[in-house]
Amino acid sequence: EKGGYDYFMLKEIAEQPKAVADTLLGRIDGAGNLTLDEVRISASELREMDKVVIVACGTAFHAGLIAKYAIEHWTRIPCEVELASEFRYRDPILDAQTLVIAISQSGETMDTLMALRHAREQGSKVLAICNTNGSTIPRESDAVLYTHAGPEVAVASTKAFLTQLVACYLVALYLGQVRGTKWGDEIRAVIRDLSQIGGAVERVLETMEPVRELARSLADKNTVLFLGRHVGYPVALEGALKLKELAYMHAEGFAAGELKHGPIALIDQDLPVVVVVPSPRGRSVLHDKIVSNIQEIRARGARTIVIAEEGDEAVVPYADHLIRIPVTPTLLQPLVATVPLQVFACELATARGNEVDQPRNLAKSVTVE
Ligand code: M6R
């Protein structure tokens, strides 16, 4: 069943190139246009929406945080992302002009289900992004976009996350398409980029041996910090979550710009700090800022583990360990940048003798609030 892998998690990490391709399958017509027939919320209703609210938990929440960048950038609709467990308890402002997107791999997460029920009671339409056919969350939603990642068995979510991202990008483009903020050529260009992501993930997977070696060398550490900016910030959060649940290590993700507002006090000799570096192209201001963060961290004696695009030479002098990822458009970078962090956490868990597929105290679907 594990297809020759020691753990389901390893199998599911390896399945990611196919999983992301499967999420795109049947959603693009011969001319390269987007056809999201499953989104059974009419174009006129979608045009009326003045706000998008994403609710989700854990890894799915991180997918939501990344989706916000794409939705706001491509559609100019304000988008909030909220932990499903917090959502209904603060009396959120919801109405028929609010599009609620509930993201869940299992489709059975009680916190997310309660959040979407609350939203529907207030008259909002709910679109589910889900991996499990016929599960409760899609059944109770107005529409569903399935991620088609195939069954995910390991408790730690990997391929579901990447496919949730792809589904979110498709929804963002679709909203742009029906609302006229994104035109055919632009949409087709993003879709072309998305269809190349599987190959890029494949290339990342082929170069993971040094990451595994690095993980093994850190097995006796107590803490790892993760930093990122822009879409790299949720990637940092996801890297930290993976490490907590699998390696049972203290791990925290920060927005790199926050470093000077507190977390830099944590930096000391030999502390491993993973930094997700934005592309030097496009938003190069952020790139330069994060490079100076890496310098600051290194100046305090910490060990820098840098995830940077191929060809980004500016980081080389400050990286104790350099993990290369293929060049992608800025918004799509999480699809490749997350993969080394999954491998890293999995290998650290193994090195610490932990049960990879079934971490202590956790369940694959959390059906209690
Ligand atoms: O099934 P869901 O996507 O609704 O699950 C949400 C979280 O419980 C889940 O992502 C959890 O954080 C994972 N174990 C993370 O790897």
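A polar contact is a pair of N or O atoms within 3.5 Å. With that cut-off in mind, the tour proceeds through a predicted model, beginning at the ligand.

Select the ligand and Thr109 together. An N or O atom in the side chain of Thr109 is 2.4 Å from an oxygen atom of the ligand; this pair therefore falls within the 3.5 Å limit for a polar contact.

Next, add Glu245 to the selection. One of the polar atoms in the Glu245 side chain lies 2.3 Å from a ligand oxygen atom. Ser106 should follow: here a polar side-chain atom and an oxygen atom of the ligand are 2.7 Å apart. Taken alone, the ligand exposes 410 Å², and the protein buries 90% of that area.

Now widen the selection to the full shell. The ligand is surrounded by 14 residues, of which Ser104, Gln105, Ser106, Thr109 and Glu245 come nearest. By class, the shell comprises 7 polar, 5 nonpolar and 2 charged residues. If a surface is displayed, look for the largest pocket, where the ligand sits.

Turn then to the helices. Colour helix H4 (58–75) and helix H12 (232–247), each of which supplies at least two residues of the shell around the ligand.

Remain on helix H12 and select Leu237, which lies in it. Is Leu237 buried or exposed? Leu237 is buried, because its relative accessible area is 19% and the threshold for burial is under 20%.

Finally, select Phe254 alongside Leu237. These two residues are 17 residues apart along the chain, and their C-alpha atoms are separated by 7.0 Å.

Definitions and conventions:
Residues numbered from 1 in each chain as written. Predicted model: local features only at pLDDT ≥ 70, side-chain atom pairs only at ≥ 80, totals over all residues. Heavy atoms only, no water. Near = heavy atom within 4 Å. Polar contact = N/O pair within 3.5 Å; in protein donor to acceptor, adjacent residues only side chain to side chain. Areas by Shrake-Rupley, 256 points an atom, 1.4 Å probe, with all protein chains shown as cover. 1 Å grid on protein atoms, 1.4 Å probe; cavity = no way out; pocket = protein on both sides within 12 Å on 5 of 7 lines; lining within 4 Å. Sits in = over half its atoms within 2 Å of the grid points. Helix = DSSP H or I, 4+ residues; strand = E, 2+ residues; numbered from the N terminus. Nonpolar A, V, L, I, M, F, W, Y, C, P; charged D, E, K, R; others polar. Buried < 20%, exposed > 50% of the residue type's maximum accessible area, 1.4 Å probe, protein only.
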